[in-house]
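Here are a few notes to read alongside the model, written for someone who would rather think in side chains than in software. Keep the structure open while you go through the points.

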Amino acid sequence: MAHYTETIDLYSDEGKLLKSSVPLHRISPLLNPATRSIIDLTKRTINVNLGGIQDALKAGRLGKGHIPGRELDLPIMEHKDELIEKIRGMVQVEDGDDTEIMQFNNGKLLLVRVPQLRLSSASTYDAAITSVAAATTYAIVDTFGIDAFNASTVKAAAWGSYPHTQDMEGALVTSILTIPQNNEGIGYALRNISVNHFTMMTNRNALQGAALASTLETAGIFEMGGAIGPFERNQLLCYAYQGLNANNMVYDLVKENGETGTVGSVVQSLVDRAIEDRVITPGKKGGYFQFYDTKDPRLWNAYVSAGTLAATIVNCGAGRFVQAVSSTLLYFNDLVEHETGLPGADFGRMMGTAVGFSFFSHSIYGGGGPGVFNGNHVVTRHAAGVGIPCIVAACALDAGTQMFSPEGTSKVYEDTFGQIEAFKKPIQTIAKGI
């Protein structure tokens, strides 16, 4: 990949300088060790809900269904230490390898990090969840002497309804990532993570949530070949300014407009900032209208993407409602185009994404709240890397207006992944890795 001479300053979610004069290429998911670690953890770390398995077996609720007569009342939590050691012994490949098991909520929740050897010897990241689900199943069967008739019940608690369904529906062994068959195309795995998951992993912090989403969205775009040649710099600039609060731009725009501002005033602030930084300059006039020119459309794209995030935080934060996010994505960029004559975020694709998103998320169709969408979805996939971070920020600021709340769909990820610094504070983690 190219190495760039241009530099950025990285600021925290509190507006504090973390690293100055960072070469642009150092934030690349290919080069930044902290980012590579986040990606590695995402692929290798599996959640095991031991307490949930005990409750599900006792009630006979398996794979999102209820099977009367197949209840099993097992004292799983009383034997959690024995089960953990059995799972560890089966998942690890060599003694002393990088297998790790972390406990949360007094052992009711486990995070199992499978050894790198399992993934490097596999064709996909499936190897992580399959090994942990199988080990969890066998550990319970072996510990409690489960017979052949009831072993399938234990299997259903761990694996969900698989293989009756294509995915592990209702499983109590889960990954942040969905199965490869659910990815819409080549390289979409890291973009196929629910907005609500990001929201809870970062403990409802808007800027940290946007940063984590932006990190994995950017990594996905690199994976699918969308950051090759001249497209690489465009993607890195958007990641820097929108995702990592480069030059404190998002923070400054929000601070300037947070108390009394509107979507329109954020447009004004962004244009003023772009003029001040000489990213855009006044061009020709058409009657009363002042057109603007730019010699660096990729940097302008990064600026307007950062502005879109700031407008989302200002508008959705003021109302504490996530449902305004789609209209904010649309009309902020519409106003930018009318104000400058230059394209909106992702060279106009943000606007197109927002139109379909408003229909699918809460309009006539109303198929689901914004929190259940992801960068793999047919609606939200098109604003490559710059749409989902805004939706995550809006969900972080929401006060409970969704039918599918983050706490309802993704609480387990707050209690597990959200306790790991790399997921909870990605901005600081990535800055330290430079």
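A salt bridge here is a side-chain nitrogen of Lys or Arg within 4 Å of a carboxyl oxygen of Asp or Glu. Please keep in mind throughout that this is a predicted model.

1. Let's start with a pair that fits that description. D252 and R273 form a salt bridge, with their closest N and O atoms 3.4 Å apart. The two residues are 21 apart and link distant parts of the chain, since D252 belongs to helix α10 (residues 249–257) and R273 to helix α11 (residues 263–276). Is R273 buried or exposed? R273 has a relative accessible area of 17%, so it is buried. D252 has 29% relative accessibility and therefore counts as partly exposed.

2. Next, a pair within one helix. D415 and K411 both sit in helix α16 (residues 406–415), 4 residues apart, which is about one turn of the helix. Their side chains meet in a salt bridge at 2.9 Å, N to O. D415 counts as buried because its relative accessibility is 16%, while K411, with a relative accessible area of 34%, is partly exposed. Elsewhere, E6, R233 and D296 are joined into one network by salt bridges that share partners.

3. One further pair is worth a look. K80 and D81 bring their side chains together in a salt bridge of 3.0 Å, N to O. With 17% relative accessibility, K80 counts as buried; D81 is at 47%, so it counts as partly exposed. How many salt bridges does the count come to? By this rule the count is 18.

4. Now for the helix packing. Two packed helices are described by the angle between their axes and the distance between the axes. Helix α1 (residues 33–44) and helix α8 (residues 206–223) have axes that come within 11 Å and cross at roughly 85 degrees. Angles of 65 to 115 degrees count as roughly perpendicular, so α1 is roughly perpendicular to α8. On the α1 side the contact is made by T35, I38, I39 and T42, and on the α8 side by L212, T215, L216 and A219.

5. Helix α8 has another partner to check. With helix α9 (residues 230–243), α8 packs at an angle of about 170 degrees, the axes being 10 Å apart. Because angles over 145 degrees count as roughly antiparallel, α8 and α9 are roughly antiparallel to each other. From α8, the contact involves A211, S214, T215, T218, I221 and F222; from α9, it involves E232, Q235, L236, Y239 and G243. T215 is thus listed in the contact with α1 and in the contact with α9.

6. L342 makes a good stop in the loop between α13 (325–340) and α14. This leucine is buried, as its relative accessible area is 10%. Which residues does L342 touch, leaving out those up to four places away in sequence? They are I280, Y292, T294, W300, V336 and E337. For a sense of scale, L342 and L117 are 225 residues apart in sequence and 49 Å apart in space, C-alpha to C-alpha.

7. Some backbone details deserve your eye. D346, also found in the loop between α13 and α14, has a positive phi of about 55 degrees although it is not a glycine. With a relative accessible area of 5%, D346 is buried. N106 has a positive phi of about 60 degrees, and it is not a glycine either. N106 is found in the loop between β6 (100–104) and β7 (109–113), and at 71% relative accessibility it counts as exposed.

8. Please look at the prolines too. The peptide bond from Y162 to P163 is cis, with omega near 5 degrees. P163 is in the loop between α6 (148–159) and β8 (173–174).

9. Last, the surface. V372, M403 and F404 make a nonpolar surface patch of about 300 Å². V372 is placed in the loop between α14 (349–362) and α15 (388–397), and its 35% relative accessibility means that it counts as partly exposed.

How values were computed: Residues are numbered from 1 along each chain as its sequence is written. This is a predicted model: local features need pLDDT of at least 70, side-chain atom pairs count only at pLDDT 80 or more; totals for chains, interfaces and linings use all residues. Side-chain values use heavy atoms; hydrogens and water are left out. Patches are made of residues with over 30% relative accessible area and no salt bridge: like charges are joined within 9 Å, nonpolar side chains (Val, Leu, Ile, Met, Phe, Trp, Tyr) within 5 Å. Accessible areas come from the Shrake-Rupley method with a 1.4 Å probe; for residues, only the protein chains shown count as cover. Buried means under 20% relative accessible area, exposed over 50%, partly exposed in between (1.4 Å probe, protein chains only). Axes are lines fitted to C-alpha atoms, for helices over the stretch in contact, and angles run from 0 to 180 degrees between N-to-C directions. Angles under 35 degrees count as roughly parallel, over 145 as roughly antiparallel, 65 to 115 as roughly perpendicular and the rest as oblique. Contact means heavy atoms within 4.5 Å.
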